[in-house]
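Student: I have a model open and I'd like to learn how to read it. Can we go through it feature by feature?

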Amino acid sequence: MITAEDPTRLGRELRRRYTAADLGVLTRDELSHFAPHGDGDPQADVTLAWELLYRLEPELYDRLVSAERLHPRVLGWLPRDVDTIVEIGAGAGRLTLELIGRAREVVAIEPAMPLRQILTRKLGDADHGDRARVVHGFFDDLPVASGFADLVVACSAFTPAPGHGGEAGLSEMERVCRPGGCVAIIWPNHLDWLAAHGYEYVRFEGPMAAGFASHQEAVELARIFYPRAAAEVRRLGRRRVPYEVLGINPPRDLAFKRVPR
Ligand SMILES: C[S@@+](CC[C@H](N)C(=O)[O-])C[C@H]1O[C@@H](n2cnc3c(N)ncnc32)[C@H](O)[C@@H]1O
């Protein structure tokens, strides 16, 4: 999973983009999750730099995730015909757009307003887009009734850190899942932590490449997000870049728990 905490993304380039002065873009709730001690510095804390990216340059972030598509078998593993789905940390909708044809109602929860706006725009253009509700919220206080969803899912968003899920967030995901339903964490990190919380693990094999819009886009985004791979991405001269070259784990796995009846 690629998250703000992934060491391969502890990139100086992303941290250099923002300063403590940019923290003014965060709401009080966001500050309490992402810089709880009041001394946040995105130049030192890449997790915070990612949060600023979502709010200050959401289209840049969307270009990145548009290239990092999920393994088709991850999508194949998810249920196809359920009543209700809750997705948390929906972002610009990489997974949400795959979910809307599978349920009568999808609740897409996302704290960053600029990403909610991009997702709302995409849903407006998509078949079954009207089945999704985009709402504000955080893992640790989900605005959804207990037992509401057949599937509760997060993709590249949940971590054990309290500001990005943690114990409280996992409890909340399980609370809103109906008995017999499934909680799934796609592209997980901290597998041991999840296993200790009763989560099983599935990983799908096969070659995977990020598919950028063009070679020029691959070079531009690599400079920011995969700086150590930037020279090789330029040399390859291709739009599709294997994850081995980028130096990150591909989005090919998930952890899940079936909530007891
Ligand atoms: C790496 S992005 C992934 C977005 C999307 N799920 C995807 O796969 O493209 C992480 C997302 O988690 C959201 N997020 C961060 N902290 C959160 C929290 N405490 N509760 C809910 N969402 C959170 C971010 O705003 C961001 O949209």
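Student: Let's start with R133: what does its relative accessibility make it count as?

Tutor: This is a predicted model, so we are reading computed values. Buried means under 20% relative accessible area and exposed means over 50%, with partly exposed in between. R133 comes out at 42%, so R133 counts as partly exposed.

Student: Where is R133 placed, and which residues is R133 in contact with?

Tutor: R133 sits in strand β3, which covers residues 132–135. If you skip the neighbours within four places in sequence, R133 is in contact with E105, V106, V107, A108 and F148. As for V259, its C-alpha is 24 Å from that of R133, and the two are 126 residues apart along the chain.

Student: Let's zoom out. How many helices and strands are there in the protein chain?

Tutor: The protein chain has twelve helices and nine strands.

Student: And how do I read the radius of gyration of the protein chain?

Tutor: You set it against what a compact globule with that many residues would have. For 261 residues that would be near 18 Å, and the protein chain has 18 Å, so the two agree. Along its principal axes, the C-alpha trace spans about 55 × 45 × 40 Å.

Student: What share of the residues counts as buried, and what share of the contacts joins residues 24 or more positions apart?

Tutor: Of the 261 residues, 55% count as buried. Among contacts with a separation of 6 or more, 73% are between residues 24 or more positions apart. On the outside, the accessible surface comes to about 11500 Å², and 49% of that belongs to carbon and sulfur atoms.

Student: How far apart are the mean positions of the positive and negative charges?

Tutor: They are 6 Å apart, taken over 33 positive and 37 negative charges.

Student: Now a single helix. How much of α3 is buried?

Tutor: Here is the general idea for a helix. An α-helix has 3.6 residues a turn, so residues three or four places apart point the same way. In α3, ten of the eleven residues are buried, so α3 is largely enclosed by the rest of the structure. The buried ones are V46, T47, L48, A49, W50, E51, L52, L53, Y54 and R55.

Student: What do the buried residues of α3 pack against?

Tutor: They pack against α1, α2 (28–34), α4, α7 (113–125) and α10. Now look at it from α10: its buried residues are E217, A218, V219, L221, A222, I224 and F225. Their cover includes α1 (12–17), α3, α4 (58–67), α11 (230–236) and β8 (240–242).

Student: How many aromatic pairs does a search of the whole structure find?

Tutor: The search finds nine. Take W50 and F225: their ring centres are 5.7 Å apart and their planes are at 35°, so the pair is tilted. W50 belongs to helix α3 (residues 46–56) and F225 to helix α10 (residues 215–225), so this pair ties together parts that are 175 residues apart in sequence. W50 is buried, with a relative accessible area of 2%, and F225 counts as buried at 3%.

Student: How are the rings of F158 and W193 arranged?

Tutor: Their centres are 5.8 Å apart and their planes are at 40°, so this pair is tilted. F158 lies in the loop between β4 (149–155) and α8 (166–176), and W193 lies in helix α9 (residues 191–196), 35 residues apart. F158 is buried, with a relative accessible area of 2%. Ring pairs also link W50, Y54, Y61 and F225 into a cluster.

Student: What about backbone angles: what is the phi of S156?

Tutor: The general idea first. Most residues other than glycine have a negative phi. S156 has a positive phi of about 55° although it is not a glycine. S156 is in the loop between β4 and α8, and S156 is buried, with a relative accessible area of 14%. S156 and P251 are 95 residues apart in sequence, yet their C-alpha atoms are 8.5 Å apart in space.

Student: And which loop holds W187?

Tutor: W187 is in the loop between β5 (177–186) and α9. Its phi is near 55°, again a positive value in a residue other than glycine. At 0% relative accessibility, W187 counts as buried.

Terms used
Residues numbered from 1 in each chain as written. Predicted model: local features only at pLDDT ≥ 70, side-chain atom pairs only at ≥ 80, totals over all residues. Heavy atoms only, no water. Helix = DSSP H or I, 4+ residues; strand = E, 2+ residues; numbered from the N terminus. Rg over C-alpha atoms; globule rule 2.2 N^0.38 Å. Buried < 20%, exposed > 50% of the residue type's maximum accessible area, 1.4 Å probe, protein only. Contact = heavy atoms within 4.5 Å. Areas by Shrake-Rupley, 256 points an atom, 1.4 Å probe, with all protein chains shown as cover. Lys, Arg positive; Asp, Glu negative; His and termini not counted. Charge placed at Lys NZ, Arg CZ, Asp CG, Glu CD. Phe/Tyr/Trp six-rings, centres within 6.5 Å; stacked < 30°, edge-to-face > 60°.
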